[in-house]
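Colleague: I'd like a close look at one part of this model, and then a walk outwards from there. Could you take me through it?

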Amino acid sequence: MDKEYILVSVAWPYANADIHQGNVTGSYLPADIYARYHRLRGNHVLMVSGSDGHGTPVTVKAEELGKSVTEVFDYYHGRFLTLFQKLGLTYDLFTHTDTENHFQVSQDMFLSLLENEYMYPKVTQQMYSPTANKFLPDRYVEGTCPNCGYSTARGDQCDNCNTLFESAAELLNPRSKTDDSALELRDTEHFFIDLPAIAEDGLQAWMHGEDKAFWRPQVINFARNFIDQGLIGRAITRDMDWGIPVPVEGYEHKVLYVWFEAVIGYLSAAIEWAKNNGDPDAWKKWWQNPQARTVYFIGKDNIPFHTIFWPAQLFGAKGLYNDDSQAQLNLPYDVPANEFMNMEGQRISGSRNWGVWMLDALERHDPDPLRYYLTAVMPETRDSDWSWQGYVERNNAELVGNWGNLVNRVLNMTKRYFKGEVPDPGELTDKDRELLAAVDAGFKTIADLYDGCKFRAVVQENLRLSSLVNTYLEETSPWTTAKTDLQATARLLYTTIQAISGLKILWAPILPFTSQVLHEMLGEEGQLFGQQVVREYAESSRSHTALTYDGETAVGQWGRSEIPVGRVLPKPKPLFKKLDQSVVEDELARLGS
């Protein structure tokens, strides 16, 4: 079977705050699980993202702290790199938007849309602050949502009902977010992307294509309803100093709107990755190859940007980086957007310290239990909730009691009865073969679940298989046969060692750290996955740090490897720690403080 080209495009976090569990389970972790699975399959995976440094949330944060935008941006970008290493998120390139490369690619896409006549200038009225003597970006404006009455809606979107606004002028009682001063409307000219024309020229037909039958209902229904209600032109420039300059004479004091340029990062990051790896055209294998698949991992608030606006940009920029003026870069294959995760029954809130700040949590908790719980309660089809009680209970009952206990019992009995040497089983019975066949069959069932981004179902299927092996142990009782029939004990332990070898791989995309530990306890060599490496890249006028992935020496493969008879296994150790109830009390005490 030919190896596939899989582009894993991950939401770009604003570099203005630490990352919480909702961000991780919403997009970053599912993307990593998906990428790791496809790496085990031997597919050509390119997982890209970066810090979004040009959004007004970053400039607002800088003003709040009395620091420069660059200082704030660099601080949080560095913390993202640290978190992603500790949590094991295997980005081939996690860069940021303040690079020469991203500036160039974004401006090239802008000019391509302009040349293809999918862009037009338009004078509109925008919010102007007489106090600050400048136009205010939408995120600097707050007011009452005209749709639901939410009193602190942002100038570009209402977080309560998810209504998008063409401009902050649509808000009722608009005011400056920074000083609460009154605002007035003034004329300003900006470029707009002609979404109605792009929809008519192919976007609407694409959105209704039969090839989207497998898309999550909440994603495809939202996108189709959105486009069928009729699109309007949308501003892609704004009055700001911080950002990517508009490459048109007369627009020197305007920049590209962050909603327009941040999504271009998926393309610019792939191009940067190719340059950094010595093959500047390598990115085309994912972007210009019709057989390649591009999957976008985002939260539900970003659905319109990734199912409508970004595809519209790709449609409109036909001919970009291609001699064929009608050639088009690849459109999304899937957008498995997740819903939101709450915190102990309430919305996550930074101002109230109501959330699990992941870099902080990793100071007290191992990465795999965190990854496990976030996957087990992942908001794939509806909003879910983080509960510290649930975290402790599932860690103890499922990771420790089911999977970890199975590994511990089998390897310790092998140590006790056979001095750690994988015993010769002799002739396997039908029951033995049935168990191994069930594990092997899991590689097809679970592969389909991983590929379909149904990670909660993967957890349940893996637990079912490990429970099957636990039941086999209970029914065959090798600790009893050891007293009367050592050959039967050898057969039983051999069989369960082989089953565990398979389960190790089935769990690996979700539990990479402990799967590696088990890999070594089974006497296997090498690393299942590659290594994360932070690198610094120099451009002509600046340099930046990025997280990269080196998979050259990875040995993990999708399938059960046979652990040979006679191999002496290293001394076993527990994969997971049982958590005390005091963990719940301690963590709850941290909330809101």
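In which helix is Gln21 found?

Modeller: Keep in mind that this is a predicted model. Gln21 is in helix H1, which spans residues 21-40. With a relative accessible area of 0%, Gln21 counts as buried, because the cut-off for that is under 20%. Its side chain still has a polar partner: the side chain of Gln21 comes to 2.9 Å from the backbone nitrogen of Val356. Leaving aside residues up to four places away in sequence, Gln21 touches Met341, Asn342, Met343, Ile348, Gly355, Val356, Met358, Leu374 and Trp386. So Val356 turns up twice, as a contact of Gln21 and as the residue whose backbone nitrogen the Gln21 side chain reaches.

H1 has more to offer. This helix covers residues 21-40, and for Arg36 the charged end sits over the ring of Phe529, 4.5 Å from the ring centre. H1 also gives two or more residues to the lining of the second largest pocket, along with strand E2 (44-51), helix H8 (265-276), H9, strand E16 (531-538) and strand E17 (543-550). That pocket has a volume of about 830 Å³. Its lining takes in 31 residues, and those nearest the pocket centre are Val45, Asp92, Tyr549, Gly551 and Glu552.

The cavities are another matter. There are 2 cavities of 30 Å³ or more, and the largest has a volume of about 50 Å³. Lining that largest cavity are Asp138, Asp156, Phe165, Glu166, Arg234, Ala235, Tyr257 and Trp259. Trp259 also belongs to a cluster linked by ring pairs, together with Phe222, Phe226, Phe260, Phe305 and Phe309.

That brings us to the aromatics. Searching the whole structure gives 39 aromatic pairs. One of them is Tyr5 with Trp286: the ring centres are 5.2 Å apart and the planes are at 80°, so it is an edge-to-face pair. Tyr5 sits in strand E1 (residues 5-10) and Trp286 in helix H9 (residues 284-287), so the pair ties together parts that are 281 residues apart in sequence. H9 is also one of the elements in the pocket lining mentioned above. The two partners differ in exposure: Tyr5 is partly exposed at 23% relative accessibility, whereas Trp286 is buried at 6%.

Phe110 and Phe191 make another edge-to-face pair, because their planes are at 90°, with the centres 5.4 Å apart. This pair links distant parts of the chain too, with Phe110 in helix H4 (residues 100-115) and Phe191 in strand E9 (residues 184-193), 81 residues apart. Phe110 is buried with a relative accessible area of 0%, and Phe191 is buried at 5%.

Leu114 is found in H4 as well, and Phe191 is among its contacts. Not counting residues up to four places away in sequence, Leu114 touches Met119, Phe191 and Val248. The C-alpha atoms of Leu114 and Phe191 are separated by 9.3 Å, with their positions 77 residues apart along the chain. Leu114 is partly exposed, at 29% relative accessibility. For the spacing of Phe110 and Leu114 on their helix, recall a general point: an α-helix has 3.6 residues a turn, so residues three or four places apart point the same way.

Helix H2 (residues 56-65) is worth a stop for its packing. Its buried residues are Thr56, Pro57, Val58, Thr59, Val60 and Ala62, and they pack against helix H3 (69-87) and strand E11 (237-238). Just after H2 comes Gly66, with a positive phi of about 70°.

For a contrast with Gln21, try Glu520, which has its place in helix H18 (residues 512-521). Glu520 is partly exposed at 38% relative accessibility. Beyond residues up to four places away in sequence, Glu520 touches Gln527 and Pro570. The side chains of Glu520 and Gln516 are joined by a polar contact of 2.9 Å. If you want a distance as well, the C-alpha atoms of Glu520 and Ala457 are separated by 27 Å, for residues 63 apart along the chain.

One last ring for your list: Arg416 lies over the face of Tyr417, 5.4 Å from the ring centre.

Key. Residues are numbered from 1 along each chain as its sequence is written. Side-chain values use heavy atoms; hydrogens and water are left out. Helices (H or I, at least four residues) and strands (E, at least two) are DSSP runs, numbered from the N terminus. Buried means under 20% relative accessible area, exposed over 50%, partly exposed in between (1.4 Å probe, protein chains only). A polar contact is a pair of N or O atoms within 3.5 Å; within protein, one must be able to donate a hydrogen and the other to accept it, and residues adjacent in sequence count only if both atoms are side-chain atoms. Contact means heavy atoms within 4.5 Å. Rings of Phe, Tyr and Trp (its six-membered ring) pair if their centres lie within 6.5 Å; planes under 30 degrees apart count as stacked, over 60 as edge-to-face and the rest as tilted. A charge sits over a ring if NZ of Lys or CZ of Arg is within 6 Å of the ring centre and within 35 degrees of the ring normal. On a 1 Å grid over the protein atoms alone, a cavity is a set of points where a 1.4 Å probe fits but cannot get out, and a pocket is an open set with protein on both sides within 12 Å along at least five of seven lines; lining residues have an atom within 4 Å of a point. Grid points are joined across faces, edges and corners, and a volume is the space filled by probe spheres set on the points.
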